[in-house]
Each structure stands twice: as structure tokens, then as C-alpha cells.
Amino acid sequence: MRISILLFAVLTLANCASAPSGDAEALAEHQKINDPGEPTNRFIFKFNQGLDAVIIKPVTSFYRIFPEVLRTGVHNFLNNLKTPVVLINDILQGEAERAGDTVMRFLINTTVGVAGFRDQAADWGFEPHEEDFGQTLATWGVGEGPYIMLPLFGPSNPRDAIGKVVDFFLDPINWWTENSDNDWVPLTRTIIGGIDTRDQLWDVLDDLEKSSIDFYAAIRSLYRQRRNDDISNGTGSKDNETPNFSGDFELADPDDQPSNKSSGKDHGPKK
Amino acid sequence: MKNFHRGAIAALFGLALSIIVPISQAKADGFTDGAQKFIGALVIRAESSLLVEGISISERQVRFRKLMMESFDLSGVGKWVLGRYWRRASGIERKLYLKLFEDFIIATYTKRFKAYTNSKLQINATTSRRSSAFVNTQINRKSGKPIRIVWRVNYSDGRYQIIDIVVEGVSWIQTQRSEFVSVIRNRGGKVSGLIDALSKKIADLKSSAS
């Protein structure tokens, strides 16, 4: 896995779309899009879409024959398996309260929640949250780097891709399988996890593909915004609250505004 | 003498602040309250006009368009989404694009908006930043975390208008902008390329809806 990421980093660099020169605005746009390997990425995206149509979607549609209660159970079970990694990242980010939540979630759901199939902890006020090493790196100040489309794994960037690898090695379940020759466990977990993820995204992806005129660009934007939201733990980082393209409505130059009327002058109802 | 000056300036500054702050605070409060009420009223209106039984699909679409036109700053958002390409577009292209943008948004969002209003929307706090109010709402589900939806509202022309919907941290206008800009860039930087793509998409959506 590490090798494949390295390989793609190299491929991406080799394929660098040349930055526009001369036009400051065009250059700024190029930097904001931050997708120097776009031609390669689009090719991999097409490949992933093909893979989805031929294997992933048919398998998931078969899986969707099972009642939702059961699928939610599987989803909860997989989430519970992730809690050790979530806890480690909570601690690495210095989030004491969240770490406490994670411990309580694991204790409650593993016992009362029948090995994690029921999310009893959420009903008792310990809401689930996601953490991974990519997010930890972000809170440590590591930038995302250029956008990368990974084969099979989908949208990513160097920071999040490295995060995925680190999470794999941080996971106590993987230490156990490594030492006990249960190599089938991580593979099975990855496959079922993939089907579960596809199932969870079923309606979202369907809706997005139907309504977008550039599905690749829509996914790229969504991935970044969702990651920023996760990194800020849903509190809305400055980046997220302010449209990070040309900034706020009223920060853009006059022609760039939605309308002159919605600029800063009209601050509220006149009295 | 120097110290006196500094003290006087600080005192003056403090006095000025103490006068300005309450006024702007009160103004901001009126604005955020108004924005929150506007969203609350919109949800009720959507429920009573769109979620009623026994109206035809075309009637539903007509009502949805009316609601969208009245509550969203569609032309403002349309221009913002194009960004620097708006300046490059010719007069005819601008007109054509804004009309298509309206059709495109209404065609794609009829379904989504229905999903938002179908379940009860809980309105939480409203904050303001610069000229926008952010009305925080959530949809509670039977299982799983509630879905966070933030409505960004501006006040202009004597009325409130929605300029963005942020669902779970994903901004509608930002996503739309990055998609549109990408289409233009991949078609030689021409707005006409986007116009072609939009009209094709709208035709597809219409044929699959009927």
C-alpha cells in the first residue's frame, strides 16, 4: 500500500499540468484548484467509476437486499472496531473530552451494544465522531497538499493518504492479526468496510451524479469541504465558513459580487 | 504631556467604542432575529404549499419555482458562482447563463429541498458575520447523528434572501462554483462551453423526470 501511494505521488508529479504564467487571476485559480495531476486523476477516477459499475455497485446492491436494521448493525460493528484508532487520534490531538466519549462508547457498545452491533452509547449521549491520522496531521499544521485520486480508495491527498497508512499501523486489531497469523481479518474488514461505505453513500452519490455537470470536480470539492469540516470537528474553520475561492461575497472585487445590493452596505432591516 | 495625550486618546476611543458597540449590537440582533424568523416562515410555507397531497407534478414545480425565486438570490449566486468568468461573458451569454442557472437549480433542487422539508427542521442559534446571517438548523433522524444545515441569509432590497445552504460543512455555492469553473476551464475558458453543458443537463433532467 505504501509503495502504491509513493508510485502515485511520482506519477502525479510527472503529470503536472503546467501552471499558467502571466495572468495573476488564472494563477490564483490554478493554485486554489490545487490539482496539478488532474489529467492522471481524471483517468483514475474513470477507472474507479468503471470498477464501481462492474463490481462494487452490483455487490452493494445485492447487500442492500438485507433489511436496513441489519445493515445498520454491520455499520455500527465496523465503527466500534475503529474506536481504538479514533481514541489514539483523539489523544494525539489533545481532545480530552472526545477521548473520554470514545472510551465510553467502546465500553458501552462492546457490552450492552452486543459486540458493537447496537449503538447504545449514542442513545445515552455519547455521540459518535470520526478521527484519523490525516486529521491529526492537519491539527498539527500539516497542509493537505495537492489533490490525488487513488485507485479503489478514491479522493485523497498526500496528508490523508499517509494518515491512512499510519492508522493501519496504529490499529491494535492489526497488531493482533499480524502476531496470530490471522491475515484474513484485515482483508475481510476492508472488503466489508468498502461495501458498507458504498451502501452509506448510495443515495448521495446517485443524486450527485445525476445533478452534476462535472462529477469529478463536484467530488473534488465535496471531499475537501467534508475533510475541512471533520478537521474542525464541525465547528466551521475559518476556511470553511468563508468561501475559500475568492473569499467572502463582499471581499471580491465589485464585478465579482453576486449583486451590488448584497454587499456590505445593507447590514440589516432599516428601522 | 505625551502620557496625557495617550490617556486622552484612549479615553476618547473607549467612549467612542461604548457608543458604537451597543448600536451595532442592536442592529445585528435585529438582523439575526429577522433572518431566523425568515427561515422559520419559509419552512412553514414550504410545508403548506409543497407537501400537500393531490396536486400535479407540474403544479408542484410551479410552486417550487415561485418559492425559490422569492427566497433565494438566484441571480446574485449565479454571478458569484461564475467568478472571474462573469466579466468575460458577453451580454447575451450573461442573460442566457442566468436563465439556465435558474432552471438548473430548480431542476436539481426540487428533490433535495423536499427531503429537507419532509422531516422536521429544528432551528438553533443564528450568528452573523459581515453582511450575512447564518441560521443554524438540524434535521433529527431516527438513528444516527442529526444532519447540520446552515442557511446563509443576506438582507437586500428590503427583504431577506438565501445565498447559501451549508449541509454538514458542504457549501452549495462553493461546490457549484468549483464545478462550473472546472467545466469552463476544460472547454477552453469559454462561458459558452458552460452554457452548452447546462442546457444539455437540464434537457436530461427534464426527460428523466417525465
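In the predicted model, strand β2 (residues 132–139) of chain B and strand β3 (residues 147–156) of chain B run antiparallel and are joined by 8 bridges. Within this pairing, Thr137(B) has Ile149(B) of β3(B) as its bridge partner. The two strands belong to an open sheet of 5 strands in chain B, arranged in the order β1-β2-β3-β4-β5 with antiparallel pairing. The edges of the sheet are formed by β1 (121–129) and β5 (170–171) of chain B, each of which pairs on one side only. In general, the strands of a sheet pair through backbone hydrogen bonds, in either a parallel or an antiparallel manner.

Chain A, by comparison, contains 13 helices and 2 strands. Of the 271 residues in chain A, 28% are buried, and among the contacts of chain A with a separation of 6 or more, 56% are accounted for by residues 24 or more positions apart.

The packing of two helices is described by the angle between their axes and by the distance between those axes. Within chain A, helix α4 (residues 68–92) and helix α5 (residues 96–111) have axes that come within 9 Å and cross at roughly 165°. Because angles over 145 degrees count as roughly antiparallel, α4(A) is roughly antiparallel to α5(A). The crossing in which α4(A) passes α5(A) is left-handed. On the side of α4(A), the contact is made by Asn80(A), Thr83(A), Val86(A), Leu87(A), Asp90(A) and Ile91(A), while α5(A) contributes Arg98(A), Ala99(A), Thr102(A), Val103(A), Arg105(A), Phe106(A), Asn109(A) and Thr110(A). By residue class, this contact of α4(A) with α5(A) divides into 6 nonpolar, 5 polar and 3 charged residues.

One of the residues contributed by α5(A) to this contact is Arg105(A), which is buried because 26 other C-beta atoms lie within 10 Å, where 20 or more suffice for a residue to be classed as buried. When neighbours within four places in sequence are left aside, Arg105(A) is in contact with Thr83(A), Ala121(A), Phe126(A) and Pro128(A); of these, Thr83(A) is also among the residues through which α4(A) contacts α5(A). Arg105(A) and Glu127(A), although 22 residues apart in sequence, are 8.1 Å apart in space from C-alpha to C-alpha.

Ala121(A), a contact partner of Arg105(A), is placed in helix α6 (residues 120–123) of chain A. Ala121(A) likewise counts as buried, since it has 25 C-beta neighbours inside 10 Å. Not counting residues up to four places away in sequence, Ala121(A) touches Met104(A), Arg105(A), Ile108(A), Asn109(A), Gly113(A) and Phe126(A). For one of these partners, Met104(A), which is 17 residues from Ala121(A) along the chain, the separation of the C-alpha atoms is 7.4 Å. Phe126(A) is in contact with Arg105(A) and is also touched by Ala121(A).

A further helix pair involves both chains: helix α12 (residues 215–231) of chain A packs with helix α6 (residues 172–185) of chain B at an angle of about 145°, and their axes are 8 Å apart. Here α12(A) passes α6(B) in a right-handed crossing. The contact is made by Ala217(A), Ala218(A), Arg220(A), Ser221(A), Leu222(A) and Gln225(A) of α12(A) together with Gln174(B), Thr175(B), Ser178(B), Glu179(B) and Ser182(B) of α6(B). The residues of this contact comprise 3 nonpolar, 6 polar and 2 charged.

Notes
Residues are numbered from 1 along each chain as its sequence is written. Chains are lettered from A and ligands numbered from 1 in the order in which they are written. This is a predicted model: local features need pLDDT of at least 70, side-chain atom pairs count only at pLDDT 80 or more; totals for chains, interfaces and linings use all residues. Axes are lines fitted to C-alpha atoms, for helices over the stretch in contact, and angles run from 0 to 180 degrees between N-to-C directions. Helices (H or I, at least four residues) and strands (E, at least two) are DSSP runs, numbered from the N terminus. Angles under 35 degrees count as roughly parallel, over 145 as roughly antiparallel, 65 to 115 as roughly perpendicular and the rest as oblique. A crossing is left-handed if the near helix is turned anticlockwise from the far one by less than a right angle, and right-handed if clockwise. Two residues are in contact if their C-beta atoms, placed from the backbone, lie within 7 Å. Ala, Val, Leu, Ile, Met, Phe, Trp, Tyr, Cys and Pro count as nonpolar, Asp, Glu, Lys and Arg as charged, and the others, Gly among them, as polar. A residue is buried if 20 or more other C-beta atoms lie within 10 Å of its own, exposed if 12 or fewer, and partly exposed in between; C-beta atoms are placed from the backbone. Two strands pair if DSSP finds at least two bridges between them.
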